[in-house]
Amino acid sequence: MFLNNGLSHSKVKKVLAIPSDQWGCGQYRIIQPYTDLGIRSKMFSNIQFELFMPKPNQSVDLNMLNDYEAIVFQRIITPELLKFVSHAKKMGKIVIQETDDDLFNIDPMNPFNVQMKGSAY
């Protein structure tokens, strides 16, 4: 039996998690944990966790952030996602950026290093 500590009477707070991909780190760092939190939170909390997984080349409607108090972004490396984060912050949302790996110190031999040149990082 779970104790709700009286939380059921307060407004539900919504958290949106956006993984960088549907495999690897997206799966084990965002999708699985937030799916599990979503299931468990319904039993004992007033926090609702949801996932959003944009499809490749899908434009994201910034107004979708209106219903959420907090947004968790994974690996923000594109100008479009940086715009999304900036918009969320301007809306007064709690923004959590999960960077996955050390994106600031990428080995020069790593092909991803070339992609990162000129980005916001």
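Here are four short exercises with worked solutions on a predicted model of a protein chain.

**Exercise 1. The overall layout**

Work out how many helices and strands the protein chain has, and in which pattern they follow one another.

*Solution.* Start with the count: the secondary structure comes to three helices and four strands. Next, walk along the sequence, and the elements appear as β-α-β-β-α-β-α. To finish the overview, look at burial and contacts. The chain has 121 residues, of which 29% count as buried. If you take the contacts between residues at least 6 apart in sequence, 63% of them join residues at least 24 apart. The exposed surface comes to about 8,200 Å², with carbon and sulfur atoms supplying 56% of it.

**Exercise 2. The sheet and its helices**

Find the order of the strands in the sheet, and then place helices α1 and α2 on it.

*Solution.* First, lay out the strands: the four of them form an open sheet, ordered β2-β1-β3-β4, with parallel pairing. The edges are β2 (47-51) and β4 (94-98), each of which pairs on one side only. From one strand to the next, the twist averages 15°.

Now zoom in on one pair. Strand β1 (residues 13-18) runs parallel to strand β3 (residues 70-74), and four bridges join them. Ala 17, for instance, has Val 72 in β3 as its bridge partner.

Then add the helices. Helix α1 (residues 24-44) packs on the sheet and touches β1, β2, β3 and β4; the angle between its direction and that of β2 is about 145°. Helix α2 (residues 79-90) also packs on the sheet, touching β1, β3 and β4, and its direction makes about 150° with that of β4.

**Exercise 3. A closer look at Asp 36**

Decide whether Asp 36 counts as buried, partly exposed or exposed, and give its C-alpha distance to Phe 49.

*Solution.* Begin by locating Asp 36, which sits in helix α1. Its relative accessibility is 29%. The partly exposed class lies between the 20% and 50% cut-offs, so Asp 36 counts as partly exposed. Last comes the distance: Asp 36 and Phe 49 are 13 residues apart in sequence, and their C-alpha atoms are 9.0 Å apart in space.

**Exercise 4. A nonpolar patch**

Identify which residues make the nonpolar surface patch of about 280 Å², and classify Phe 44 by its accessibility.

*Solution.* The patch is made by Ile 39, Met 43 and Phe 44. Taking Phe 44 in turn, we find this residue in helix α1. Phe 44 counts as partly exposed because its relative accessibility is 36%.

Note on methods. Residues numbered from 1 in each chain as written. Predicted model: local features only at pLDDT ≥ 70, side-chain atom pairs only at ≥ 80, totals over all residues. Heavy atoms only, no water. Pairing = 2+ DSSP bridges. Helix = DSSP H or I, 4+ residues; strand = E, 2+ residues; numbered from the N terminus. Axes fitted to C-alpha atoms, helices over the stretch in contact; angles between N-to-C directions. Contact = heavy atoms within 4.5 Å. Buried < 20%, exposed > 50% of the residue type's maximum accessible area, 1.4 Å probe, protein only. Patch = residues over 30% accessible without salt bridge, like charges linked within 9 Å, V, L, I, M, F, W, Y side chains within 5 Å. Areas by Shrake-Rupley, 256 points an atom, 1.4 Å probe, with all protein chains shown as cover. Salt bridge = Lys/Arg side-chain N within 4 Å of Asp/Glu carboxyl O.
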